[in-house]
Structure formats: structure tokens, C-alpha cells
Number of protein chains: 2
Amino acid sequence: MAKDLARKYILEVTPYIAGKPIEETKRQLGLKEVIKLASNENPLGVSPKAVAAMKRIICAANRYPDSSCFYLKKKLARYYGLKPENFIIGNGSDELIDIVVKTFAEKDQTVLTADTTFLEYEIIARVNGCKVVTAPLKYFKYDLEALKRKIDKQTKVIFIANPNNPTGTYVTERELEEFIELLPCNVLLVLDEAYDTFIDVNDFPKSLKYIKKDNIILLKTFSKAYGLAGLRIGYAIADPQTTSCMEKVRQPFNVNLLAQAAAQAALDDKKFLNRTKKLVLEGKDYLYDNLKKMGLAYVPSVANFILVDVARPGLDLFKDMLRLGVIVRDMKQYGLNNFIRVTIGTKKENERFIRVLKKVLRKEQK
Amino acid sequence: MAKDLARKYILEVTPYIAGKPIEETKRQLGLKEVIKLASNENPLGVSPKAVAAMKRIICAANRYPDSSCFYLKKKLARYYGLKPENFIIGNGSDELIDIVVKTFAEKDQTVLTADTTFLEYEIIARVNGCKVVTAPLKYFKYDLEALKRKIDKQTKVIFIANPNNPTGTYVTERELEEFIELLPCNVLLVLDEAYDTFIDVNDFPKSLKYIKKDNIILLKTFSKAYGLAGLRIGYAIADPQTTSCMEKVRQPFNVNLLAQAAAQAALDDKKFLNRTKKLVLEGKDYLYDNLKKMGLAYVPSVANFILVDVARPGLDLFKDMLRLGVIVRDMKQYGLNNFIRVTIGTKKENERFIRVLKKVLRKEQK
């Protein structure tokens, strides 16, 4: 049996359940008009500049990509006022989570995070043979006090998603500052800021200043606001000594050629980014208003998604909405049985989401 | 120091040195006309069908890729007469090497391979904390007898590149058959057949039959004959029980959207594949002839590259040729100090390679 040959702890890992793809839903349910508000993607599509950049380079895809991501790092360095060596690029920030764990955490050391947060921290830690300790959220928010109390001698890496996925909450600059002051210098802190582009508050941490410390790593992605989820590209920002350790673990051709070109172009496309932000803020107001009118509670979000308390099994609601061509995310895997998470879409998509949600809830009352 | 925080064995890993990219060479040396015969890429570019498939889907790259690679697996299953569950898709076959090691080899167990073969087997094994044992080649060929003698209780995974890179030699069906008969059933055997498309001999193993055993895994890639190196896509074929263990380790969105579309189209493009094979066979004859005329020894190859004994430091030759705009691969990292490896290119590229090689050697004699 192949199972007997595998590492024991791998077989115990519960795999990540991805948001349902549009194609798959059409195929399985025989539907024609399907919208997806399940994976916090950019509803406006890909930046036109990124599309153009990819089209220019597509015929050179017989060549291996640049292993060093030379031009992208240079561009990111200019963008942030840092050096190219402050960056390491990954096949999505998922891969960078794996690289951090592999670089710094020995088997049986502990990875610490919240109990309701991005699931890949735990999955990737377990796959690498690490133990996982979690602290509960407090009012849907990372509780840094509780997290601090869980740090012990075995702790090697801490993941904080800020803003948090799937709750949309954030830890403030002051909270984080206090946490970092007491962080042991042999513990790595990863601040996953996948959704930071959507922030519209003033007390969000200006985290760039922390990377002077060699045990703090920021994660960023091109999958959300930048609209490149399908291409798989994210990056980490850290001290050059820290990134150089991580470079030892990175595979030479981990970032494909088109993703490198698209990311450079997307970084330049301020117009597209601003349109995206505006759409998300307007859509959020619309969804808040309508959820309130329907008497549904939700967690106020600084990201491009909303966690909604639907006061009934979210999985059933998810299935009912799916049958009507609206894909949302059920939260059972996160232990939030009575919740769904909805990505803020285009105006039309948001309206359809509310319409279908009403229809499904109405049917239930009959 | 970040170094003190990292896993010890990671810092000792010598990173893979990639073939020099064309862009980088132009940039660093101020050259305009550069050809690359260093990474065994397809000199004809990308299959036109793959280009068209990518262009059709490029604007949907804001969506995450299909985590299950549903359509590609279905197509591969039909192509090979197997089931979709016989396949697992990777971000290049590099990633699949990592997935195999992570799935099956515990820290401190041994990965066994040849001492002169694709370097990533050793690098990836070390990054994952495994020990590496190697057996020497015999006449530039995997010596399966020597490999067998190295198997002990600590051995968990064996990598055989067939054809071998960088030598271009292969183990025959009979040799492999004997080896597999005596393979302990708790040891995984990975047959990396990245270059099998170029085979023009009759005694190459028909390896598909071996995957009935749950400890044998085939690796294939779209990076070479299929011309998709820049997109990063490869796959493993194995028993469904074996792939299902590996699926536990695979990240949900490891294979980008464009690579999935391009691979499906490339698999259908028989015309492009046949043109590629023809070009490689003709180019090989041309290069053999000219190397002979120049009195240079080479290792006869069943792949799309030739290992050439240049009877002087290959690194110097590499540098001299680079200055004249021809990128080949120096073999120092493989311990073959007096060799270069040259990829078979287009007719024009092969002619330029010979011209520049002659020029460099002539200059040396003065």
C-alpha cells in the first residue's frame, strides 16, 4: 500500500478546499450564467496593461523564466524604496508560506497562528512535519494577547493574516507594535498582508518599518487587488539576510515567465488599481445596506469580502445559492458553520447575490 | 542573524545554477544577437495551438486556476489510456520532485541517485533534510548494478533520469527490468523521463507498465519537446494510491491557469511535436559530424542535447563563447570540468554554435 510508504503526518492533513470554479459549476449543474464570489478575486478581470505585457511575451514561453526575477525585483524595490535583495518571489504567496516554514521551522517545532484564519498556514506547517498551535480570535479578530501567551520554547514561526481572512478584521498598528516589542528574537513573525490594498482605515500598521528586524517577514500577493490569481505570483519582503536564507529553499524556476511580466505591468497600472478599490468600497456599502435590511449580521471588513452570519447552516445556503448560479464560500472548514463569506463583486454581481440570497431565504420560510 | 534562525542543513545546500538567460546576457554584455543552447528548450518556440489557447484564456487570469487540473488530467488519461487519478500535475517537474520527497522520505532517510545527473534531486532532498547517496556513472551512463549495491535500510527514494541529463545516455528496458525485480517494495523509484520524446532507439523501457506497482513513479514534462518551459508544467504518472498520497502535499493552486490551457493544446499539436523531433535528429547529425571533424569527443545522446569533451576547462570555453553571443552550459557544477553541454538548436543556431566554437578554439591556439 502506497499509504504505508508515506510520511504518517501527511496522511492526517485535511486538504484545503478551494472555492468552486465557474467552469466546474457550469459543467456539474448544467448552468449557463454563473458568478463566483468565493475566492476574493478581482471582479474587474486582469489589468489591461498586464494582458498586453503577457501577449507581448507569450511566444517566448518556450524559454525558462528568469530564475532571479531580476526586473520584477528591481521594480518592486523602486516601488517600495527598498533594495531588490529585500524581495523573494513565489508561485503565489502559498509557496512563500511553504518556503518560510521549510527555511526556519524544524520538524516538531511549532507554528503558531489563530484558530480561524487562512487555512494554508496550518496545512503547510503539518505537511512539513511541524506542530501547530492556535489561539482563538476575539470578536472575529486576531487576539495578540492570547497569541503571545501561546509562545513557548518550541515556537518557531508565527503567522498573522492582516487583514484576516475569512473575517476581514485587522490588528492595529499599536497592537502589533506591542506584540513585536515582546517577540523573542529567535521566533519568525510573518505578516500576511494579502488584502492590504483595500485598507481604508488610518490605524493599520505601516509594516515596512518592521523588516529592519531579521525575524519579520511581510507577505504580499498579486492574486487579489492586482487581479492575477490565475498566474500565481506573490512576494515576501524582509531583511536581505532573511530572504537569502529563503532563496536557498526556493526552486530555480518557481515563478513562470508570464506571471513575471504581468506583475511588472500590473504594478504600473494605477488606474486599474484605483478602479478596483473604488468598486470594492462602493460594493461594500451596498452589501452592508442590504444585509442590514435583511436582518443579517456581518463582520465589518477592511478587505474585499464580507463574513456574513446567516443564522442557519452555511453549507446548505451555499448549495442552494450554487443551484441558482451564485458561488459563495461556505465556512464549515473554518469552523464557522452558520456563516458564508462573500467576495465583493461588480455592481451587477452584488445585486444578483442579494437577489438570490433573498430568494433562497424566502423559499426556506415557506 | 537570520542565518542562525534557519535550518542548518539548508545553509549547506549549493543552489542550482540556471542556464544563462538571453535577456541577461544581452544586458550584461551589451550584445544584440544572442542564441541560447543551454537549457534544452525547444528552439522552435511555443506550439501555435498552445499560443492560441493561452490567448483565448488570458483575460480570465484574474480567477484562480482549477485546483484539480480536471481537463488536463482527463486529456492525459485519454492520451495514455489511463485514468485521471493516475496523474498529478506540478509547477514544472521540479515541484514534483519536491512533492515525492516530502510525501515519502522522512528527515534523515536517504535519497539515492547517480553522482552525475540532474542536480535538483540532490538539492531538493537536502532542502527537505534527507541524506543523499550517489553511485558513479559507468561510461557516462547510470550504472544500475552500482545503484543497487547502495540500497540499504535508510534508502527511501531513488531517482533515475532516463535519458540522463547532462549525459544524454539511457538505461535499457532489460537493465531496468532487472533492477525493478530486485527493488525493495518499501523504496520508491522515480523514473524521470523529461527527455523521452526524443528517443529514437528500440530498447528504451516502456515504463508505463511499471506503474501497476505502487512504488514506481514516472515524471514527465512540458518544458522540453512541448516547448512550455516558461509556463512551468510537468506531471507524474503513478498508481492512484500513490498519486493520492502526493496530492496531500501538493498546494491547491500550484499549476497556473495558462499552463493548464497551453499543456492541453500542446498535447494535441502532433504536427509541432513531429517538426521538433525531426529538427533535433537532423541537428544532432550535423553537430556530431562537425564535432568529429574538429576532433572533439562527445557522448552519443538520445536526448536534445550533447555532452562535449572540449579537452580544456569548459568554464573558460563557456565564457569565451558567451562573449560572442552563444550561450552553452558549462559542466563544472556537475563535476565535468572539461565538458560543455550544448542543446540542439535550429539549423542556423547549430551552424553559429560550430562557427563560434571553431573561432574560440582557433584563438586559443595562437
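How far is the sulfur of A:C245 from the closest cysteine sulfur, and in which residue does that sulfur lie? Keep that in mind while we walk through the structure, which is a predicted model.

1. **Cysteines.** Here is the answer to the opening question: the closest cysteine sulfur to that of A:C245 belongs to A:C185, and at 15 Å it is too far for a bond. A:C245 is also buried, at 1% relative accessibility. Over in chain B, the sulfur of B:C69 has its closest cysteine partner in B:C245, 19 Å away, which again is too far for a bond. B:C69 counts as buried too, with a relative accessible area of 3%. A disulfide needs the two sulfur atoms within 2.5 Å, and a search of the whole structure turns up zero of them over all chains.

2. **How the two chains relate.** Turn chain A by 180°, with a shift of 0.0 Å along the axis, and it can be laid on chain B with an RMSD of 0.0 Å. The two copies are therefore related as by a two-fold rotation axis. If you want to find that axis on screen, start from A:K55: in chain A, its C-alpha is the nearest to the axis, 3.6 Å from it. As for the interface, 100% of the interface residues of chain A are also interface residues in chain B, so the copies meet through the same surface.

3. **Aromatic rings.** There are 32 aromatic pairs over all chains. Take A:Y79 and A:Y80: their ring centres are 5.1 Å apart and their planes stand at 75°, so this pair is edge-to-face. These two tyrosines sit on either side of the cut-off for burial, with A:Y79 partly exposed at 40% relative accessibility and A:Y80 buried at 18%. In chain B, the rings of B:Y79 and B:Y80 are also edge-to-face, with centres 5.1 Å apart and planes at 75°. There, B:Y79 is partly exposed at 40%, and B:Y80 is buried at 18%.

4. **A ring cluster with members from both chains.** Have a look at A:Y16, A:F118, A:Y121 and A:F159, which ring pairs link with B:Y64 and B:F253 into a cluster. Another link between the chains involves a charge: the charged end of A:R27 sits over the ring of B:F70, 3.4 Å from the ring centre. Within chain B, B:R341 lies over the face of B:F305, and here the distance to the ring centre is 5.5 Å.

5. **Helix α14.** In chain A this helix covers residues 347-365, which makes 19 residues. From first C-alpha to last it reaches 27 Å, close to the 27 Å expected at 1.5 Å a residue. Its buried residues include A:F353, A:I354, A:L357 and A:L361, along with the charged A:E349 and A:R352. What do they pack against? The partners in chain A are β1 (35-36), α12 (270-293), α13 (314-323), β11 (326-327) and β13 (339-343).

6. **Two buried residues in chain B.** B:L361 belongs to helix α14 of chain B and is buried, with a relative accessible area of 10%. Leaving aside neighbours within four places in sequence, B:L361 is in contact with B:M294, B:L296, B:R312 and B:L317. B:V310 is 51 residues away from B:L361 in sequence, yet their C-alpha atoms are 9.4 Å apart. B:I99, in helix α6 (residues 93-104), is buried as well, at 2%. With the same neighbours in sequence set aside, B:I99 is in contact with B:M246, B:V249 and B:R250.

7. **Backbone spots worth a look.** Most residues other than glycine have a negative phi, and most peptide bonds are trans. Against that background, the peptide bond from A:N162 to A:P163 is cis, with omega near 0°. A:P163 is in the loop between β5 (155-161) and α9 (173-181) of chain A. In chain B, a cis bond joins B:N165 and B:P166, with omega about 20°, and B:P166 is in the loop between β5 and α9 of that chain. For positive phi, see A:Y139, near 50°, in the loop between β4 (131-135) and α8 (144-150). A:Y139 is exposed, at 74%. B:D108 has a positive phi too, about 75°, and is partly exposed at 37%. Its place is the loop between α6 and β3 (110-114) of chain B.

Note on methods: Residues numbered from 1 in each chain as written. Chains lettered and ligands numbered in written order. Predicted model: local features only at pLDDT ≥ 70, side-chain atom pairs only at ≥ 80, totals over all residues. Heavy atoms only, no water. Least-squares fit on C-alpha atoms with pLDDT ≥ 70 in both. Contact = heavy atoms within 4.5 Å. Buried < 20%, exposed > 50% of the residue type's maximum accessible area, 1.4 Å probe, protein only. Phe/Tyr/Trp six-rings, centres within 6.5 Å; stacked < 30°, edge-to-face > 60°. Lys NZ or Arg CZ within 6 Å of the ring centre and 35° of its normal. Helix = DSSP H or I, 4+ residues; strand = E, 2+ residues; numbered from the N terminus. Expected span 1.5 Å × (residues − 1).
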